[in-house]
Amino acid sequence: MESIKQEGYKDLIDYNSLPEHIAVIMDGNGRWAKKQGKPRVFGHKNGVKAVREATEACAEIGVKYLTLYAFSTENWSRPSFEVTALMELLVLTIGREVKTLQKNNIRLNAIGNLNSLPAKTRAELLKAIELTKNNTRMTLTLALSYGAREEIFEAFLKMAQDLQNEKISLQDLKPESVKNYLQTHQIPDPELLIRTSGECRVSNFLLWQIAYTEFIFTDKLWPEIEKEDIYSFIYQYQQRERRFGKTSEQINS
Ligand code: IPE
Ligand code: IPE
Ligand code: MG
């Protein structure tokens, strides 16, 4: 019997309606390691491979912004050896990958409370951001020590300061003004948010920016993610009708 060749998702994607910005909650490293009787940190190390897969997949097809949730403000509550290992892994990974980012014309960016990172991690990160700042193919943003409520709170504080210093007036403020005060002010809102590992929650990620984002929750654990998964998520996203409050008839007329 002749086998039917399954077409790859990459070929099914409509390149005229790609999401401009994809955000990812990379979850399940610990469970992936546990399944094979290994320590949690082994899962984080293997998660780096999936970061590479996702970054390359997005850059290759023309996604302009990829934002990866790598460490939340809440993750500081993990056992200190895991936190330390994650911070060291970050230093190693950024150092090792910066050449590839350069070669692939990818700009590195970061959001979160970067001042709370260990000096070495912060220095390596800022070095890579500086080195890649003129790259134009895609912006890869790492959310590190990131919490959306903190981000929004900081935004309100800055807004209050601008009001106090009469840089802005109350009448000028509109709902759209909030964006200018967020750390993501130069990045469009994500059209697509992916979370791995079967957890169906947002865990304090991009709360303001995801007001109309499409969500995809997959049972796959983060270290299992390959390029083909990313293509399949984009394809799934493209099968949805984004109505923004309108009716289906309005969208299709
Ligand atoms: C995601 O994997 C990575 C980080 C949060 C840093 P987890 O470490 O949360 O893995 P699980 O959820 O325990 O499996
Ligand atoms: C969310 O994952 C944060 C990151 C992926 C960096 P967690 O594994 O920390 O989320 P919760 O605590 O289970 O919601
Ligand atoms: Mg988790």
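This is a short tour of a predicted model, stop by stop, with something to select at each one.

**Stop 1: ligand 1**

Start by selecting ligand 1 and zooming in; ligand 1 sits in the largest pocket. Now show the residues around ligand 1: Met-26, Asp-27, Gly-28, Asn-29, Gly-30, Arg-31, Arg-40, His-44, Ala-70, Asn-75, Arg-78 and Leu-86. If you colour them by character, you get three nonpolar, five polar and four charged residues.

Which element gives the largest share of this shell? That is α2, with three residues.

Next, look at what touches the ligand's oxygens. Pick Arg-40 and display the side chain: an N or O atom there is 2.8 Å from an oxygen atom of ligand 1. Then switch on the backbone for two glycines. A polar backbone atom of Gly-30 is 2.9 Å from an oxygen atom of ligand 1, and a backbone N or O atom of Gly-28 lies 3.3 Å from an oxygen atom of ligand 1. How much of the ligand does the protein cover? On its own, ligand 1 exposes 380 Å², and the protein buries 87% of that. While you have the ribbon on, find α2 (29–35) and α3, the elements that give two or more residues to the shell around ligand 1.

**Stop 2: His-44**

Stay where you are and click on His-44, one of the residues around ligand 1. His-44 belongs to helix α3 (residues 40–61). Is His-44 buried or exposed? With 8% relative accessibility, and the cut-off for buried being under 20%, His-44 counts as buried. Now add Glu-82 to the selection and draw a distance: the side chains of His-44 and Glu-82 are joined by a polar contact of 2.9 Å.

**Stop 3: ligand 2**

Now select ligand 2. Ligand 2 also sits in the largest pocket. Show the surrounding residues: Ile-25, Met-26, Asp-27, Tyr-69, Ala-70, Phe-71, Ser-72, Asn-75, Arg-78, Arg-195, Arg-201 and Ser-203. You may recognise some from the first stop, including Met-26 and Arg-78.

Coloured by character, this shell splits into five nonpolar, three polar and four charged residues. Turn on the ribbon and look for strand β2 (residues 65–72), which supplies four residues, the largest share of the shell.

Then go through three side chains in turn, each with a polar atom facing an oxygen atom of ligand 2:

- Ser-203, at 2.6 Å
- Arg-201, at 2.7 Å
- Arg-195, at 3.3 Å

As for cover, ligand 2 taken alone exposes 390 Å², of which the protein buries 78%.

**Stop 4: two long-range pairs**

Leave the ligands and go back to helix α3, this time to pick Ala-54. Ala-54 is buried, with a relative accessible area of 0%. Now add Lys-227 to your selection. Where does the chain bring that residue? The two are 173 residues apart in sequence, yet their C-alpha atoms are 5.9 Å apart in space.

For the other pair, move to helix α6 (residues 148–164) and select Ile-152. Ile-152 is buried too, at 16% relative accessible area. Add Lys-179 and connect the C-alpha atoms: the separation is 9.4 Å, for residues 27 apart along the chain.

**Stop 5: two odd backbone angles**

Last, a look at the backbone. Most residues other than glycine have a negative phi. Two residues here go the other way.

Select Asn-105, in the loop between α4 (80–103) and β3 (106–111). Asn-105 is not a glycine, but its phi is positive, about 60 degrees. Is Asn-105 buried, partly exposed or exposed? At 28% relative accessibility, Asn-105 counts as partly exposed.

Then jump to Glu-166, which you will find in the loop between α6 and α7 (177–181). Glu-166 has a positive phi as well, near 55 degrees. Switch on the surface here: Glu-166 counts as exposed, at 71% relative accessibility.

How values were computed: Residues are numbered from 1 along each chain as its sequence is written. Chains are lettered from A and ligands numbered from 1 in the order in which they are written. This is a predicted model: local features need pLDDT of at least 70, side-chain atom pairs count only at pLDDT 80 or more; totals for chains, interfaces and linings use all residues. Side-chain values use heavy atoms; hydrogens and water are left out. A residue is near a molecule or strand if one of its heavy atoms lies within 4 Å of it. A polar contact is a pair of N or O atoms within 3.5 Å; within protein, one must be able to donate a hydrogen and the other to accept it, and residues adjacent in sequence count only if both atoms are side-chain atoms. Accessible areas come from the Shrake-Rupley method with a 1.4 Å probe; for residues, only the protein chains shown count as cover. On a 1 Å grid over the protein atoms alone, a cavity is a set of points where a 1.4 Å probe fits but cannot get out, and a pocket is an open set with protein on both sides within 12 Å along at least five of seven lines; lining residues have an atom within 4 Å of a point. A molecule sits in a cavity or pocket if more than half of its atoms lie within 2 Å of its grid points. Ala, Val, Leu, Ile, Met, Phe, Trp, Tyr, Cys and Pro count as nonpolar, Asp, Glu, Lys and Arg as charged, and the others, Gly among them, as polar. Buried means under 20% relative accessible area, exposed over 50%, partly exposed in between (1.4 Å probe, protein chains only).
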